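Trainee: Could you take me through one part of this model slowly, and show me how the rest of the chain fits around that part? I would like a close look at a single helix and its surroundings.

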Amino acid sequence: MIEEYIYEYIEKAKKNDKGSIGRLLTFLESSPSQAFKVLNIILRNNVGKAHVIGFTGIPGSGKSTLISKLIHQYIKDNHKIAVIAIDPTSPLSRGAFLGDRIRMQEHSLNPNVFIRSVSTRGLKGGLSFAGVAMVELFDYLGYDKIFIETVGVGQAETDIMNIAHTVIVATMPGVGDEIQVLKAGVMEIADIYVLNKSDKEESLKTFEYLSFIIESGEIGSRVGWKPRLLKTSALMGQGIQELRKAIEEHLEYCTSQGYFNHKINLRRKTLVKLFLEKTLLDKLSEEFEELKSMDIEDFSSQLDILRKKIENFLREFDKYT
Ligand SMILES: Nc1nc2c(ncn2[C@@H]2O[C@H](COP(=O)(O)OP(=O)(O)O)[C@@H](O)[C@H]2O)c(=O)[nH]1
Ligand SMILES: [Mg+2]
């Protein structure tokens, strides 16, 4: 029954009906089997055209503000822009996340801009299955610039490299932990580094430090692409055009090197992996609830019950999807 609705929503979504797009996104988030039904339709003939841009970096560095300013630049040239903001669901970052909505809200009425937040639940800011599935949906619907905002912690960085064509790491002056940022690996993944809040006094020192490590080639070098370092002040609207230019140059580089399609393939493989991961984990949690109510104490019997349940589940997998 749900399939009929999906076709209807897809038809409407193609005509830019935001309500239908919202419903499809909710399908992608709700359960793997519902998401599967949507993906099965949209991935059938989808060649992949969108330029996917990952924005990561410490909370408060100005990612949302920068994206909002970039949207201003891009909509002037008739781009269709989607923003997927990954919600780390921790009490600490909650405030920042609510801030995202406020900062990007000004665009929400624009027919060519769609902003959606995704909760990662336990994933520590990493990309969830739903987040990647959403990229596919927006791409299918003709959004040609897709921004993904993630908090640069742990797993999120490596995830974003499998998904985004262009990775931008935003930092800000005076956090005093440039070394820590490097250690965390965040800095090593960027195609473009942005030192935002360059309106602040301490920015010169941080900029020199960052240029030194990038110039010395210690981090981030790819064959044929030298990572860029840009100074911006999202608040004052400075450096945004330069940032856009660097993003477009990186896109040209990706296209000319064949990385554009390579990344799309990698993204789809990642999607399959995340799909299975989520399906199995959901099933396991469900069976665990049942196990809790059983009166079995010994370890190997408990393991046996769960293992058999999962085995059966896998055997019936196509029925399930
Ligand atoms: N001084 C200054 N503040 C900024 C700049 N860009 C953003 N901010 C402020 O920094 C705070 C965090 O910005 P936000 O975009 O939410 O950062 P995010 O957590 O990385 O998405 C907000 O209060 C912004 O107004 C900037 O260029 N200069
Ligand atoms: Mg933000």
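Mentor: Happy to! Let's start from the packing: the buried residues of helix 11 pack against helix 3 and helix 6. Please keep in mind that this is a predicted model. Helix 6 is the part I would like to look at closely, with helix 11 as our way in.

Helix 11 covers residues 259-292, which is 34 residues. From its first C-alpha to its last it reaches 48 Å, close to the 50 Å expected at 1.5 Å a residue. Its buried residues include Lys263 and Ile264, and also Leu271, Leu274 and Thr279.

One partner of helix 11 is helix 3, residues 32-42, where Pro32, Ala35, Val38 and Leu39 are the buried residues. Those four cover an arc of only 125° around the axis, so they sit on the same side of helix 3.

Now to helix 6, the other partner. This helix runs over residues 129-140, and its 12 residues should span 16 Å at 1.5 Å a residue; the end C-alpha atoms are 17 Å apart, which agrees. Here 12 of the 12 residues are buried, so helix 6 is largely enclosed by the rest of the structure. If you click along the helix, you will find Phe129, Ala130, Gly131, Val132, Ala133 and Met134 among the buried residues. Val135, Glu136, Leu137, Phe138, Asp139 and Tyr140 are buried too, and Glu136 and Asp139 are in that list alongside Leu137 and Phe138. Just after helix 6, Gly142 takes a positive phi of about 90°.

What surrounds helix 6? The largest nonpolar core has 65 residues, and the members that touch the most others are Leu28, Ile84, Ala133, Met134, Ile146 and Ile148. Helix 6 gives this core its largest share, 9 residues. At least three core residues come from each of domain 1 (1-44) and domain 2 (46-257). Ile84 is a good residue to select next: leaving aside residues up to four places away in sequence, Ile84 touches Gly131, Met134 and Val135, which are buried residues of helix 6. Ile84 also touches Arg116, Val118, Ile146 and Ile148.

For the wider setting, turn to the strands. Strand 5, residues 166-171, is mostly covered, with 6 of its 6 residues buried. Thr166, Ile168 and Ala170 point one way from strand 5, while Val167, Val169 and Thr171 point the other way. On one pairing, strand 1 (residues 51-57) joins strand 5 in the parallel sense over 5 bridges, and Gly54 has Val167 as its bridge partner in strand 5. Strand 5 also runs parallel to strand 6, joined by 4 bridges. There, Val169 stands opposite Tyr193, and Thr171 has Leu195 as its bridge partner.

Strand 6 covers residues 192-195, with Ile192 and Val194 pointing one way and Tyr193 and Leu195 the other, and all are buried. Strand 6 and strand 7 (residues 228-231) run parallel and are joined by 4 bridges, with Leu195 partnered by Lys231 in strand 7.

Finally, step back to the whole chain, which has 13 helices and 7 strands. Buried residues make up 39% of its 321 residues. Among contacts with a separation of 6 or more, 76% are between residues 24 or more positions apart.

How values were computed. Residues are numbered from 1 along each chain as its sequence is written. Chains are lettered from A and ligands numbered from 1 in the order in which they are written. This is a predicted model: local features need pLDDT of at least 70, side-chain atom pairs count only at pLDDT 80 or more; totals for chains, interfaces and linings use all residues. Helices (H or I, at least four residues) and strands (E, at least two) are DSSP runs, numbered from the N terminus. The expected span of a helix is 1.5 Å times one less than its number of residues. A residue is buried if 20 or more other C-beta atoms lie within 10 Å of its own, exposed if 12 or fewer, and partly exposed in between; C-beta atoms are placed from the backbone. A nonpolar core is a set of buried Ala, Val, Leu, Ile, Met, Phe, Trp, Tyr and Cys residues joined through C-beta atoms within 7 Å. Domain bounds come from an automatic or database domain assignment. Two residues are in contact if their C-beta atoms, placed from the backbone, lie within 7 Å. The arc is that of the directions from the helix axis to the C-beta atoms. Two strands pair if DSSP finds at least two bridges between them.
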